[in-house]
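The following note sets out points for a colleague who is examining the model. Each point is a short paragraph and may be checked against the coordinates.

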Amino acid sequence: MAHFSRRNFLKLAGTATAAAGIGFPQLSFGAAKKVVIVGGGIGGATAAKYIRMMDASIDVTIVEPNKHYHTCFMSNEVLSGDRTIESIRFGYDGLAKHGVKVIHDSAAGIDAAARKVKLASGKTLDFDRCIVSPGVDFKWEAIEGYSEQVAETITHAWKAGPQTVTLRKQLEAMKNGGTVVMVAPPNPFRCPPGPYERASQIAMYLKQHKPKSKVLILDPKDKFAKQGLFTAGWKQHYGFGTENSLIEWVNGAQGGKASAVDAKKMSVTAEVEDFKGDVINVIPPQKAGKVAFAAGLTDDSGWCPVNHRTFESTLQPNVHVIGDAAVAGPMPKSGYSANSQAKVCAAAVVALLGGIETPQPSYVNTCYSVIAPEHGVSVAAVYRLGDDGKIAAVQGAGGLTPADAAPHMLAREVKYAHSWFANITHDVFG
Ligand code: FAD
């Protein structure tokens, strides 16, 4: 057992249990076991750090192509000009301090039976347990004329980074009086309130700098997360529902489902008409990250079914899937969900490698959205493992920002959102 006293472990276990709401298994004192983690995003990085904190004898390697990770959360604030892209960029030095090895490469496939991850460079990594957290991939074919290449100019910006910067520059270059057309995705997708927070943040920028402009959301859905809170905020700050509204929402019943994009004409074809945009932002329908398909971890839904106690794939033994790619019952595809699932999975993996019973998990999610500079809203939920082995929401725990919340409470939610960001990024990468 490497440099890890029982006293230190207990100290750590106490802190982490309070944060994660999970019980920790005992330490394993056997020969070094190997865990390979595919994806150094929110789920993968959290799992790596927590495994090392729970049992420093385990050899943990992350495979991640990028040297830096940009958080999608708070990336909408880059669009409004409220924060810089640098403020959402994180490196892997913090994980190295926990003894996590990081290999900058891509996983091309996983052989669950042989317990090997094959890398794009041709190397292979052996594992006792593998954790996969590759995030989402896009169904490019769902919108005619849209592709990975077109997305360089007509961005999705649904993976934060260079496209976030491109979209911000396009908004800055747009004339006063211009239209930003946003295409929202069908369920299920990464960050259910995300498109509507994005529309709010863009409207925040337009209101101050280009007040004759507007954001038009084309949506295949008839309802969306925190809808009542969003529309109330939009009415208060952006004239929603009036002729001069800065935000317009065309829902599914009104023909909002987009089927094609014309990059030359800068137009989007929806069910009843074409919409021209000065800036277009297309968030395509989604599925699990590509490597999950290559590894045989997905079912017909395009997502990865897992055991909710351990996050072990129900299709491939010894391989666990967490975060956006996993089917996790009522938990939304969010960063906080990925972080919470990673802790549950880490505890299960440490227990399984130590040959002891996996702990009883609980899970948590909170999602903040900043609608205007002094107006934030949130939704929170706590989950437990039901007797049927499935994740279930704990009734009466969590909830939404009250519809009649006073202005000082809404302003406080913005502060909570920013402190949540500081806390979770430290928890994942610190
Ligand atoms: P990711 O964090 O995307 O990590 C996946 C990683 O895997 C990436 O680093 C990728 O490079 C790597 N990878 C992919 N394929 C391979 C491969 N083959 N080999 C090796 N590595 C690979 N969540 C919240 O909780 N709160 C919010 O306020 C919030 N706001 C959001 C706003 C926006 C605009 C968006 C788009 C999302 C937001 N989210 C928010 C959602 C959150 O970002 C995701 O749910 C979260 O990042 C999921 O974590 P993950 O580990 O599943 O995927």
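1. In this predicted model, R168 has a relative accessible area of 15%. Because that value is under 20%, R168 counts as buried. The residue belongs to helix α5, which spans residues 162-173. Its side chain makes a polar contact at 2.9 Å, and the partner is the backbone oxygen of L79.

2. The loop that precedes helix α5 also deserves attention. T155 is located there, between β10 (136-138) and α5. Is T155 buried or exposed? With a relative accessible area of 0%, T155 is buried. The C-alpha atoms of T155 and I283 are 8.1 Å apart in space, although 128 residues separate the two in sequence.

3. Strand β9 comprises residues 129-132, and its side chains point in two directions. R129 and I131 face one way, C130 and V132 face the other way, and all of these residues are buried. In general, the side chains of a regular strand alternate between the two faces of the sheet.

4. Which strands pair with β9? One of them is β1 (residues 34-38), which runs parallel to β9 and is joined to it by four bridges. Within this pairing, I37 lies opposite I131 of β9. Another is β20 (residues 319-321), also paired with β9 in the parallel sense, here over three bridges. In that case V132 is opposite V321 of β20.

5. A separate item is the open sheet of three strands, whose order is β14-β15-β16 and whose pairing is antiparallel. β14 (260-262) and β16 (274-276) form its edges, each pairing on one side only. On average, neighbouring strands in this sheet are turned by 20° against each other, with direction ignored.

6. Within this sheet, the antiparallel strands β14 and β15 (residues 267-269) are joined by three bridges. V261 has V268 of β15 as its bridge partner.

7. The ligand site should be read residue by residue. Which residues come nearest to the ligand? They are E64, Y69, S133, R190 and D324, out of 34 residues around the ligand. By character, the shell divides into 17 nonpolar, 12 polar and five charged residues.

8. Several polar atom pairs can be checked directly at this site. The side chain of D324 places an N or O atom 2.7 Å from an oxygen atom of the ligand. A polar backbone atom of Y336 is 2.8 Å from a ligand oxygen atom. At V63, a backbone N or O atom lies 3.4 Å from a nitrogen atom of the ligand. The ligand taken alone exposes 1,000 Å², of which the protein buries 92%.

9. As to which parts of the fold supply this shell, two or more residues each come from α2 (42-54), α3 (75-80), α9 (335-354) and β22 (362-372). The largest share, three residues, is given by α9.

10. For inspection, two places may be viewed in turn. At helix α5, the contact to follow is that from the side chain of R168 to the backbone oxygen of L79. At the ligand, the oxygen pair with the side chain of D324, at 2.7 Å, is a suitable starting place.

How values were computed. Residues numbered from 1 in each chain as written. Predicted model: local features only at pLDDT ≥ 70, side-chain atom pairs only at ≥ 80, totals over all residues. Heavy atoms only, no water. Near = heavy atom within 4 Å. Polar contact = N/O pair within 3.5 Å; in protein donor to acceptor, adjacent residues only side chain to side chain. Areas by Shrake-Rupley, 256 points an atom, 1.4 Å probe, with all protein chains shown as cover. Nonpolar A, V, L, I, M, F, W, Y, C, P; charged D, E, K, R; others polar. Pairing = 2+ DSSP bridges. Axes fitted to C-alpha atoms, helices over the stretch in contact; angles between N-to-C directions. Buried < 20%, exposed > 50% of the residue type's maximum accessible area, 1.4 Å probe, protein only.
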